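Please work through the following exercises with the sequence and the three-dimensional structure at hand. Each task is followed by a solution in steps.

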Amino acid sequence: MSQTNAEPAKSNQPKKRKRWITPKNVPYLFILPAVTFFLIFTVYPVISSLLLSFQKREGSGYVFAGLENYIRLFQDGLFYKALGNTFLILLIQVPIQLFLAVIIAVALNSQLVKMKSFFRIAFFMPAITALVASSIIFMIMLDENYGLINYLLSFVGVEPIAWLSDPFWAKVALMVAITWRWTGYNMVIFLAGLQNIPGSLYEAAEMDGASKLKQFFYITIPQLKPIFLFTFVLSTIGTLQLFDEPYILTEGGPNNSTLTITLYLYQNGFRYFDFGYASAIAYVLVLIIGVLSWAQMKWAGEDK
Amino acid sequence: MKNVSPLKKTLLYFFLFVGVIVSVFPFYWMFVGATNPSGEIFKVPPNFFPGTHGWENFKNLNENVGIIRVMGNSLLITLTFTALAAIICTAAGYAFAKFQFKGRNQIFFMLLVAIMIPYHVTLIPLFEIFSNVGWLNTFQAVILPQAAYPFAIFLMRQNMQAIPDSLLEAARVDGAGEFHIFFRIVLPVMRPALAAVGIFLFMFQWNNFIWPLVVLQSQDMYTLPVALSSLVGMSRIDYGQVMMGTTLSTLPIMIFFLLLQKQFISGILGGSVKE
């Protein structure tokens with residue numbers, strides 16, 4: 001900054017004075033802070049945890065242990081449980097959430113609907129809450145004996161459900177809380193996608209006498225394909241990293257029925273302080289995300 | 001527009017209003033809980049209306065976890081982080097968008113890869129780094145690790161590409177220094193993008209949980225999400241206090257959201273939706 005103050009530039013007759021900071025070297029200055037932070041807080045930790053995943057604690061330090069952590073991981077029933085839970089949520093909750101989001105987006109996009117921005121704000125509201133906060137609200141609403149949801153269900157004759165203490169219902173509860181938090185978020189993305197579909201496509205279909213339902217399946221859905229892919233990738237990455245909700249709602253219980261990969265990573269790292277093992281879990285997670293992302297992109301690429 | 005059956009219209013609105021109630025009711029329930037004694041929302045039938053016990057809940061919550069201090073911590077951490085990360089990411093985004101330099105594409109590619117890497121991989125080495133320099137249980141330990149937020153750099157780069165090169169060239173011909181150009185010409189033009197990225201970063205840190213949970217170890221240093229989770233972990237949970245805590249974490253954001261909906265939505269979605 002002192003640069004500019006020191007040289008009162010004459011705007012009509014630029015002086016060819018030597019500058020220390022030139023368009024050639026200045027980009028390095030601009031990226032310097034980012035690169036420094038990135039090296040210290042991302043690159044180094046990513047490498048360091050890879051190395052740690054091949055080490056185990058011995059006395060006060062860590063020693064090389066080869067593949068021991070990974071072998072242990074592949075024989076660890078709890079890890080498989082965490083993996084299974086995470087993928088179950090991925091396969092059930094994500095499609096439901098995206099389906100709901102599309103339906104709401106299409107309904108909101110209808111010309112019949114007034115007060116669009118009111119609806120948009122209301123549906124988006126859950127996405128501004130902290131995951132910890134939304135999980136707490138659901139924990140309270142889903143209480144078996146005194147929770148609001150069981151109270152309301154009692155009016156339609158449903159017996160109290162043990163939302164948080166039954167292994168099956170705990171998974172359902174987790175999925176309900178996640179769906180509440182993320183549906184509106186995805187809905188807004190779909191809504192933006194819908195608004196980019198040319199109206200002429202629908203007019204032509206209308207002339208050909210195609211029903212609304214046909215238009216939905218033959219125009220709307222195919223046109224939204226890139227948006228589906230985008231939201232699906234986002235939701236996949238998010239689900240694989242699921243932590244806050246199970247930590248608050250159920251702490252992974254009952255009987256580890258809501259244990260997720262990151263929750264298991266956290267427990268091993270910061271409850272048992274088994275850094276080597278936790279790092280191995282982290283790297284399996286990286287591998288899974290890498291493979292899935294690659295597969296999804298490939299699938300999208302082939303389709304073009 | 002053709003004639004549409006009123007039934008269809010009614011069904012459509014019914015569906016949407018049910019959705020709105022599902023989306024918004026938990027907020028109302030949180031408010032009811034925050035303003036009533038613990039027992040009121042935990043009885044059958046529950047009390048459905050806001051009460052007058054809010055101040056009491058707030059006082060108890062403050063005695064219990066020092067909520068005033070915790071809110072101050074959250075605000076200080078989040079604002080410092082947002083300012084720091086915004087400047088770092090904007091500067092980097094500008095360089096990637098508007099300059100040719102050696103290694104540009106390679107470094108940028110690494111950032112893109114980093115977007116895909118789950119942040120949980122870095123938790124343990126980060127814990128070791130901060131432990132080694134004696135910075136566990138400090139605010140800087142929460143603030144620093146994500147300050148070069150790869151996604152924010154990516155977003156700023158995308159936005160910066162819209163700046164015409166001729167604008168920058170004209171300024172250079174006029175003898176303006178590079179930093180002058182950045183602060184006086186580029187930043188003002190980029191105000192909408194900065195607002196969106198700022199909101200994105202703010203929301204990230206305000207709601208950030210796993211890393212502060214790991215690195216903050218005493219109650220006087222807790223952020224809101226960590227303090228809330230510690231409340232839930234207590235053996236006897238006072239739900240009035242818990243709901244007051246969630247309200248205090250949510251209400252400020254909600255007010256900002258209602259004031260600046262468009263910027264907020266595009267900010268939280270990280271610019272994936274253009275308004």
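The exercises below concern a predicted model, and they pass from whole chains to helix pairs and single residues.

**Exercise 1. Chain A as a whole**

Task: Determine how many helices and strands chain A has, and compare its radius of gyration with that of a compact globule.

Solution.
- Step 1. The secondary structure of chain A comprises 14 helices and two strands.
- Step 2. For 304 residues, a compact globule would have a radius of gyration near 19 Å, but the value for chain A is 26 Å.
- Step 3. Taken along the principal axes, the box filled by the C-alpha atoms of chain A is roughly 85 × 75 × 40 Å.
- Step 4. Of the 304 residues in chain A, 37% are buried.
- Step 5. Consider the contacts in chain A between residues at least 6 apart in sequence: 67% of them join residues at least 24 apart.

**Exercise 2. Chain B as a whole**

Task: Describe chain B in the same manner, and state whether chain B is compact or spread out by the globule rule.

Solution.
- Step 1. Chain B has 14 helices and zero strands.
- Step 2. The globule rule gives 19 Å for 275 residues, and the radius of gyration of chain B is 23 Å, well over that value; chain B is therefore more spread out than a compact globule.
- Step 3. The C-alpha atoms of chain B occupy a box of roughly 75 × 70 × 30 Å along the principal axes.
- Step 4. Buried residues account for 46% of the 275 residues in chain B.
- Step 5. Among contacts in chain B with a separation of 6 or more, 73% are between residues 24 or more positions apart.

**Exercise 3. The contact between the chains**

Task: State how many residues each chain gives to the contact, and characterise the side that belongs to chain B.

Solution.
- Step 1. Chain B contributes 77 residues to the contact, and chain A contributes 78 residues.
- Step 2. On the side of chain B that touches chain A, helix H1 (residues 6-34) of chain B supplies the largest share, 13 residues.
- Step 3. By residue class, this side of chain B consists of 57 nonpolar, 15 polar and five charged residues.

**Exercise 4. A helix pair in chain A**

Task: Classify the packing of helix H4 (residues 77-109) of chain A against helix H8 (residues 167-195) of chain A.

Solution.
- Step 1. The axes of H4(A) and H8(A) are 7 Å apart, and the helices pack at an angle of about 40°.
- Step 2. H4(A) and H8(A) are therefore oblique to each other.
- Step 3. Their crossing is right-handed.
- Step 4. The contact of H4(A) with H8(A) involves 20 nonpolar residues, six polar and one charged.

**Exercise 5. A helix pair in chain B**

Task: Carry out the same analysis for helix H3 (residues 67-98) of chain B and helix H10 (residues 191-207) of chain B.

Solution.
- Step 1. The two axes come within 9 Å and cross at roughly 140°.
- Step 2. This angle makes H3(B) oblique to H10(B).
- Step 3. H3(B) and H10(B) form a right-handed crossing.
- Step 4. Residues making the contact include Phe81(B) and Cys89(B) of H3(B), and Leu201(B) and Trp206(B) of H10(B).
- Step 5. The contact of H3(B) with H10(B) divides into ten nonpolar residues, six polar and no charged.

**Exercise 6. Helix H12 of chain B and Pro225(B)**

Task: Establish why helix H12 (residues 224-233) of chain B counts as largely enclosed, and examine the surroundings of Pro225(B).

Solution.
- Step 1. Seven of the ten residues of H12(B) are buried, so this helix is largely enclosed by the rest of the structure.
- Step 2. Among the buried residues of H12(B) are Leu224(B), Pro225(B) and Leu231(B).
- Step 3. Pro225(B) has 28 C-beta neighbours inside 10 Å and therefore counts as buried, the cut-off being 20 or more.
- Step 4. Setting aside neighbours within four places in sequence, Pro225(B) is in contact with Ala130(A) and Val132(A), and also with Asn207(B), Phe209(B) and Pro212(B).

**Exercise 7. Met243(B)**

Task: Locate Met243(B) and decide whether this residue is buried or exposed.

Solution.
- Step 1. Met243(B) lies in helix H13 (residues 239-259) of chain B.
- Step 2. Because 27 C-beta neighbours fall inside 10 Å, Met243(B) counts as buried.
- Step 3. Beyond its neighbours within four places in sequence, Met243(B) is in contact with Met30(B), Gly33(B) and Ala34(B).
- Step 4. Met243(B) and Thr35(B) are 208 residues apart along the chain, and their C-alpha atoms are separated by 8.4 Å.

Methods. Residues are numbered from 1 along each chain as its sequence is written. Chains are lettered from A and ligands numbered from 1 in the order in which they are written. This is a predicted model: local features need pLDDT of at least 70, side-chain atom pairs count only at pLDDT 80 or more; totals for chains, interfaces and linings use all residues. Two residues are in contact if their C-beta atoms, placed from the backbone, lie within 7 Å. Helices (H or I, at least four residues) and strands (E, at least two) are DSSP runs, numbered from the N terminus. Ala, Val, Leu, Ile, Met, Phe, Trp, Tyr, Cys and Pro count as nonpolar, Asp, Glu, Lys and Arg as charged, and the others, Gly among them, as polar. Axes are lines fitted to C-alpha atoms, for helices over the stretch in contact, and angles run from 0 to 180 degrees between N-to-C directions. Angles under 35 degrees count as roughly parallel, over 145 as roughly antiparallel, 65 to 115 as roughly perpendicular and the rest as oblique. A crossing is left-handed if the near helix is turned anticlockwise from the far one by less than a right angle, and right-handed if clockwise. A residue is buried if 20 or more other C-beta atoms lie within 10 Å of its own, exposed if 12 or fewer, and partly exposed in between; C-beta atoms are placed from the backbone. The radius of gyration is taken over C-alpha atoms; the globule rule is 2.2 Å times the number of residues to the power 0.38.
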